[in-house]
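Work through the exercises below with the sequence and the 3D view side by side, and try each task before reading its solution.

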Amino acid sequence: TPRIVVLVSGEGSNLEAILDAVRDGRLQARVAAVISNRPEANALRRAAGHGIAGEALDHRAYVSREAFDEALARAIDAHRPELVVLAGFMRILTPAFVNHYLGRMLNIHPSLLPAYPGLHTHARALADGAERHGASVHFVTAELDGGPVVLQGWVPIRTGDTPENLASRVLEVEHCLYPLAIGWFVAGRLRLDGKRATLDGIPLERPWQL
Ligand code: GAR
């Protein structure tokens, strides 16, 4: 069974969606490790609830971003994963770290990329008066939230929406998207080929839409 390592920082609802999919047989993978840069993250409790002893690697204990990323890579590689999954991992990664996992690291981002890379995506979509918002799964490359998008799902924005209720509507989509995209990867169907993602060998000119 392909092994994945999930990196988290916070609530861990995407982690839970992945663990549920594995448990129910909808995702043929094994979560070999869950690693959080925040020891207090609820995601670690969720991992424990699924019988996984999460690991905490506190970034504040390291002198530099490079030193933290080197320690993180050692912790990940000890598990020999086929895929590294960023699930609400709220750290900017060094180029060396990104290159080490190039083509074998996915992220989920709460916007319809290329719209709204970075933070506060829900508030920004509302401030712009956007009609649609959503989430994207992409390969991680050196460009922040700029790697090839493989899968997106959208939700309508309704009058009276707040960043909070929009975020929870988008999270429901995320929980469908991520197990699906991870499943493609571990089945060998999804690859990073140069600057493009391919699914079943066919370049994804546009992201797959759920
Ligand atoms: C999710 O909305 C995820 O897309 C986002 O953080 C949330 C984590 O929720 N990630 C980013 O913003 C990455 N820059 P979770 O901890 O409940 O999965």
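## Exercise 1: the sheet of 8 strands

In this predicted model, Ser36 stands opposite Ala56, a residue of strand 3.

Task: Starting from this pair, find how strand 2 and strand 3 run relative to each other, and then place strand 3 in its sheet.

Solution. Begin with the two strands themselves: strand 2, which covers residues 30-36, is joined to strand 3 by 2 bridges, and the two strands run parallel. Next, widen the view to the sheet that holds them, which is an open sheet of 8 strands with the order 3-2-1-4-5-6-7-11 and with mixed pairing. Finally, look at the ends of that order, where strand 3 (55-56) and strand 11 (208-209) are the edge strands, each of them pairing on one side only.

## Exercise 2: the sheet of 3 strands

Task: Determine which strands stand at the edges of the open sheet with the order 8-9-10, and describe the turns that link its strands.

Solution. First, establish the arrangement: the open sheet of 3 strands has the order 8-9-10, and its pairing is antiparallel. Strand 8 (190-193) and strand 10 (202-203) each have a single partner strand, so both stand at the edges and one side of each is left without a neighbour in the sheet.

Second, follow the pairing of strand 8 and strand 9, which are antiparallel over 4 bridges; here Arg191 has Thr198 of strand 9 as its bridge partner. These two strands form a hairpin with 2 residues between them, and Gly194 in the turn has a positive phi of about 65°.

Third, turn to strand 9 (residues 196-199) and strand 10, which pair in the antiparallel sense over 2 bridges, with Pro203 in strand 10 as the bridge partner of Thr198. This pair of strands likewise forms a hairpin with 2 residues between them, and in its turn Asp200 has a positive phi of about 55°.

## Exercise 3: two loops

Task: Locate Arg80 and Pro114, and state what is recorded for the backbone at each of them.

Solution. Take Arg80 to begin with, which is found in the loop between helix 3 (65-77) and strand 4 (83-86). The phi of Arg80 is near 50°, a positive value in a residue other than glycine. Then move on to Pro114, whose place is in the loop between strand 5 and helix 5 (121-127). A cis peptide bond joins Leu113 and Pro114, with omega at about 10°.

## Exercise 4: the ligand

Task: Describe the surroundings of the ligand, going from single polar contacts to the elements that contribute to its shell.

Solution. Start with the residues that surround the ligand, which are Glu11, Gly12, Ser13, Asn14, Gly88, Met90, Ile108, His109, Pro110, Leu171 and Glu174. By class, this shell has 4 nonpolar, 5 polar and 2 charged residues.

Now examine the contacts made by oxygen atoms of the ligand. A polar backbone atom of Glu11 is 3.4 Å from a ligand oxygen, a backbone N or O atom of Gly12 lies 2.7 Å from one, and for Ser13 a polar side-chain atom lies 2.6 Å from a ligand oxygen. Taken alone, the ligand exposes 450 Å², and the protein buries 85% of that.

As a last step, consider the space as a whole: the ligand takes up the largest pocket. Helix 1 (13-23), strand 5 (105-109) and helix 6 (163-186) are the elements that give two or more residues to the shell around the ligand.

Methods. Residues are numbered from 1 along each chain as its sequence is written. This is a predicted model: local features need pLDDT of at least 70, side-chain atom pairs count only at pLDDT 80 or more; totals for chains, interfaces and linings use all residues. Side-chain values use heavy atoms; hydrogens and water are left out. A residue is near a molecule or strand if one of its heavy atoms lies within 4 Å of it. A polar contact is a pair of N or O atoms within 3.5 Å; within protein, one must be able to donate a hydrogen and the other to accept it, and residues adjacent in sequence count only if both atoms are side-chain atoms. Accessible areas come from the Shrake-Rupley method with a 1.4 Å probe; for residues, only the protein chains shown count as cover. On a 1 Å grid over the protein atoms alone, a cavity is a set of points where a 1.4 Å probe fits but cannot get out, and a pocket is an open set with protein on both sides within 12 Å along at least five of seven lines; lining residues have an atom within 4 Å of a point. A molecule sits in a cavity or pocket if more than half of its atoms lie within 2 Å of its grid points. Ala, Val, Leu, Ile, Met, Phe, Trp, Tyr, Cys and Pro count as nonpolar, Asp, Glu, Lys and Arg as charged, and the others, Gly among them, as polar. Two strands pair if DSSP finds at least two bridges between them.
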